Amino acid sequence: MNYRHQFHAGNFADVLKHAVLLHLLGALQAKEKGLLYLDTHAGRGGYDLTKAAAGTSLAREPEWPHGLGRLLDRADLPPELADYLAAVRAFDFAARTETAAGYTGTVGEGPRFYPGSPWLAAARLRPQDRAVLCERQPEEAAALAAEFAGRRRVSVQTMDGYTAVRATLPPPERRALILIDPPFETGDEWSAILGALADGLARLPGGTFAVWYPLTARARVDVFYRQLLAFRDLPPCYTVELLVGGEDAGLKLWGCGLLVLNPPWGSARPLDALARWLAPVLAQGPGATGGVHWLVSER
Ligand SMILES: C[S@@+](CC[C@H](N)C(=O)[O-])C[C@H]1O[C@@H](n2cnc3c(N)ncnc32)[C@H](O)[C@@H]1O
């Protein structure tokens with residue numbers, strides 16, 4: 001297992017995933033009742049973008065300039081992306097201030113530090129909410145634990161994220177947003193996701209599950225959808241996808257998506273607009289497109 005999110009932090013996939021995450025969390029928080037945020041594959045919490053191009057043996061091309069980087073100077077961001085960028089800038093500013101005592105820069109000067117899903121969500125928790133963050137890789141888990149040391153309402157677990165779905169649900173709050181964001185390094189990731197969704201839905205039928213997936217082969221995703229649609233009592237669900245190039249654009253990762261089960265009411269329309277807006281802005285080849293597609297529509 002060599003995956004390190006450091007190299008990918010702030011890339012086009014993170015932009016989509018993190019903007020969608022913030023929107024879903026905000027929509028669920030429209031209700032006063034507390035909720036659990038469960039991050040099954042949390043990573044290390046925050047990333048230094050100046051290290052994003054330094055591999056263990058190879059220097060790599062940083063990915064964030066083609067993701068986050070293309071949003072920095074835009075004055076026409078849709079509201080969901082403006083909210084995402086504000087969250088990224090606030091994290092960057094706080095981390096710079098912590099790193100260099102006496103730092104006198106301004107919010108927006110960055111970016112140097114980039115928040116992962118744990119920080120984006122944790123920064124939005126209300127007093128009645130809590131978070132469980134799971135990471136299996138020991139070094140990443142140690143960094144994550146250090147990030148959240150002493151933080152109330154946030155629990156860091158060094159464990160398998162799929163096991164955590166079974167161990168954590170249903171939560172006493174009976175409301176949850178579960179982000180499943182695996183590295184897809186092994187072929188069995190898709191079946192592990194299906195297993196976790198089946199267990200998770202059995203334990204918390206109304207839970208909101210968001211699963212990130214890569215688009216490297218359309219056929220594999222279609223098999224996944226077919227297997228999902230064979231679930232008994234599958235709740236309302238849609239996908240929000242962003243293709244930065246067509247399948248034949250010559251890109252290794254030509255797009256990504258999030259499958260959202262039990263989406264908050266009314267969330268499809270703004271996320272559709274967000275993905276459509278992002279496609280030409282983050283395009284890396286011909287055929288870029290984006291949008292929301294319902295698999296099971298709202299009843
Ligand atoms: C895509 S990264 C997570 C990024 C993070 N969610 C974010 O948006 O900032 C995937 C992470 O899952 C971890 N991982 C891999 N297999 C896992 C498993 N079975 N359970 C928990 N974590 C796992 C990897 O070490 C890696 O840090």
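Of the 20 residues around the ligand, which come nearest?

**View A. Residues around the ligand in the predicted model.** Among the 20 residues that surround the ligand, those that come nearest are His-41, Gly-116, Ser-117, Gln-137 and Gly-161. Sorted by class, the shell around the ligand is made up of six nonpolar, eight polar and six charged residues.

**View B. Packing of helix H1 against helix H8.** Helix H1, which spans residues 12-28, packs with helix H8, residues 268-281, at an angle of about 160°, and the axes of the two helices are 11 Å apart. Because angles over 145 degrees count as roughly antiparallel, H1 is described as roughly antiparallel to H8. The crossing that H1 and H8 form is right-handed.

**View C. Residues in the contact of H1 with H8.** On the side of H1, the contact is made by Val-15, Leu-16, Ala-19, Val-20 and His-23, while H8 contributes Pro-270, Leu-271, Leu-274, Ala-275 and Leu-278. By class, nine residues of this contact between H1 and H8 are nonpolar and one is polar, and no charged residues take part.

**View D. Surroundings of Arg-60.** Arg-60 is found in the loop that lies between strand S2 (46-48) and helix H2 (79-99). With 12 other C-beta atoms within 10 Å, Arg-60 is exposed, because a residue counts as exposed if 12 or fewer such atoms lie within that distance. Although Arg-60 and Phe-7 are 53 residues apart along the chain, their C-alpha atoms are separated by 7.9 Å in the predicted model.

Terms used
Residues are numbered from 1 along each chain as its sequence is written. This is a predicted model: local features need pLDDT of at least 70, side-chain atom pairs count only at pLDDT 80 or more; totals for chains, interfaces and linings use all residues. Axes are lines fitted to C-alpha atoms, for helices over the stretch in contact, and angles run from 0 to 180 degrees between N-to-C directions. Helices (H or I, at least four residues) and strands (E, at least two) are DSSP runs, numbered from the N terminus. Angles under 35 degrees count as roughly parallel, over 145 as roughly antiparallel, 65 to 115 as roughly perpendicular and the rest as oblique. A crossing is left-handed if the near helix is turned anticlockwise from the far one by less than a right angle, and right-handed if clockwise. Two residues are in contact if their C-beta atoms, placed from the backbone, lie within 7 Å. Ala, Val, Leu, Ile, Met, Phe, Trp, Tyr, Cys and Pro count as nonpolar, Asp, Glu, Lys and Arg as charged, and the others, Gly among them, as polar. A residue is near a molecule or strand if its C-beta atom, placed from the backbone, lies within 6 Å of it. A residue is buried if 20 or more other C-beta atoms lie within 10 Å of its own, exposed if 12 or fewer, and partly exposed in between; C-beta atoms are placed from the backbone.
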